[in-house]
Amino acid sequence: MSVLEIKDLHVNVETDQGAKKILRGVDLTINEGEIHAVMGPNGSGKSTLAYTIAGHPKYHVEGGSILLDGVEVLDMSVDERARAGLFLAMQYPVEIPGVTNTNFLRTAKTAIEGEAPSIRHWIKDVRTAMDALRMDPSFAERNVNEGFSGGEKKRNEILQLELLKPKFAVLDETDSGLDVDALKIVSEGVNRAKANTGLGIVLITHYTRILRYIEPNFVHVFVNGRIAEQGGRELADRLEDEGYDRFLTGANVG
Ligand code: ADP
Ligand code: MG
Ligand code: MG
């Protein structure tokens, strides 16, 4: 049974004006196979949490820890984190000019597994995954995310998720900008990953819409750099009705 434990995490971000404190004591425990929805207003630090888990160099941990099965993730390089089974689907996926999707995926898979996958199985796996995500086969030979629409980029993140088979994934607003059909396709991919590999998921979102397709075990309200409240899916419905106002009183906003 795998577990990802975030304990009293404090993080500063490097800005042009110097260090700015963003995360103020985040506690979150995700067990294998659990889906944790994280909802909160813009600027509350959700992406900062995602980047910190992934090991982005701009985010400096001032205190706390992130343990993957008891091992300190904060001591690991970005590559080591990926090999240990962590995955981040970025809010704004980056384009990688000059690198085809197939080559990128194969290189990543090889780095994570420690050996190259057999060509025959790999090509079949990529085709099957692209098929399931209703991606045109031509996307295999296109450069990573280059010229992809917003929705195509999000789908491509889920393609990586399905092929790289991490233990835990942070999905940062993977639902943003998707029409209903794409939202369903992406959600099915996430549900498949959970069913097939017992993936544990941190699902960062602004909207309850995606929670119609992906059933969360827990919902967390993220405000001003920390979790202000947690509950079940009824909490998400309440947020949709009431917004975040009642959590923002007294908070240091902006
Ligand atoms: P969210 O994802 O909840 O919208 P973010 O984590 O993106 O919030 O941002 C939290 C706060 O940190 C915001 O005020 C944002 O402007 C600031 N911030 C995050 N990353 C950077 C950065 N690289 N440079 C400057 N400010 C940043
Ligand atoms: Mg935002
Ligand atoms: Mg964000």
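These are my notebook entries on a predicted model of a single chain and the ligand beside it.

**Entry 1, the chain overall.** I began with the secondary structure and counted eight helices and 12 strands in the chain. I then looked up the radius of gyration, which is 18 Å and close to the 18 Å that the globule rule gives for 254 residues, so the chain is as compact as a globular protein of that length. Along the principal axes, the C-alpha trace spans about 55 × 40 × 40 Å. Of the 254 residues, 37% are buried. For contacts between residues at least 6 apart in sequence, I noted that 73% join residues at least 24 apart.

**Entry 2, the open sheet.** Next I traced an open sheet of four strands, whose order is 2-1-4-5 and whose pairing is antiparallel. Strand 2 and strand 5 (71-72) stand at its edges with a single partner strand each, so one side of each is left without a neighbour in the sheet. Inside this order, strand 1 pairs with strand 4 (residues 59-68) in the antiparallel sense, and I recorded eight bridges between the two. To fix the register I looked up H10, and found that its bridge partner in strand 4 is G63.

**Entry 3, the surroundings of ligand 1.** Which residues surround ligand 1? My list reads V13, T15, I22, G40, N42, G43, S44, G45, K46, S47, T48 and K58. The elements that give two or more residues to this shell are strand 1 (3-15) and helix 1 (46-54), and the largest share, three residues, comes from helix 1. Sorted by character, the shell holds two nonpolar, eight polar and two charged residues.

**Entry 4, strand 6 and its partner.** I turned to strand 6 (residues 86-89) and asked how its two faces are placed: L86 and L88 on one side, and F87 and A89 on the other, are all buried, which leaves both faces covered. Strand 6 runs parallel to strand 9 (residues 168-172), and four bridges join the two. Within this pairing, F87 has A169 of strand 9 as its bridge partner.

**Entry 5, the nonpolar core.** A169 came up again when I searched for nonpolar cores, since the largest one has 58 residues and A169, L171 and L203 are those with the most contacts inside it. Strand 2 (residues 18-31) gives the most to this core, with five residues. Leaving out residues up to four places away in sequence, I listed the residues that A169 touches as F87, A89, L161, L199 and I201; F87 and A89 are also the buried pair on one side of strand 6. As background, I kept in mind that nonpolar side chains tend to be buried together in soluble globular proteins.

**Entry 6, positive phi angles.** Finally I checked the backbone for residues other than glycine with a positive phi, and noted D69, where the angle is about 50°. D69 lies in the loop between strand 4 and strand 5, and it is partly exposed, with 14 other C-beta atoms within 10 Å. I also noted R134, which is not a glycine either and has a positive phi of about 50°. R134 belongs to the loop between helix 4 (119-132) and strand 8 (143-144). Is R134 buried, exposed or partly exposed? With 13 other C-beta atoms within 10 Å, R134 is partly exposed.

Methods
Residues are numbered from 1 along each chain as its sequence is written. Chains are lettered from A and ligands numbered from 1 in the order in which they are written. This is a predicted model: local features need pLDDT of at least 70, side-chain atom pairs count only at pLDDT 80 or more; totals for chains, interfaces and linings use all residues. A residue is buried if 20 or more other C-beta atoms lie within 10 Å of its own, exposed if 12 or fewer, and partly exposed in between; C-beta atoms are placed from the backbone. Two strands pair if DSSP finds at least two bridges between them. A residue is near a molecule or strand if its C-beta atom, placed from the backbone, lies within 6 Å of it. Ala, Val, Leu, Ile, Met, Phe, Trp, Tyr, Cys and Pro count as nonpolar, Asp, Glu, Lys and Arg as charged, and the others, Gly among them, as polar. A nonpolar core is a set of buried Ala, Val, Leu, Ile, Met, Phe, Trp, Tyr and Cys residues joined through C-beta atoms within 7 Å. Two residues are in contact if their C-beta atoms, placed from the backbone, lie within 7 Å. The radius of gyration is taken over C-alpha atoms; the globule rule is 2.2 Å times the number of residues to the power 0.38.
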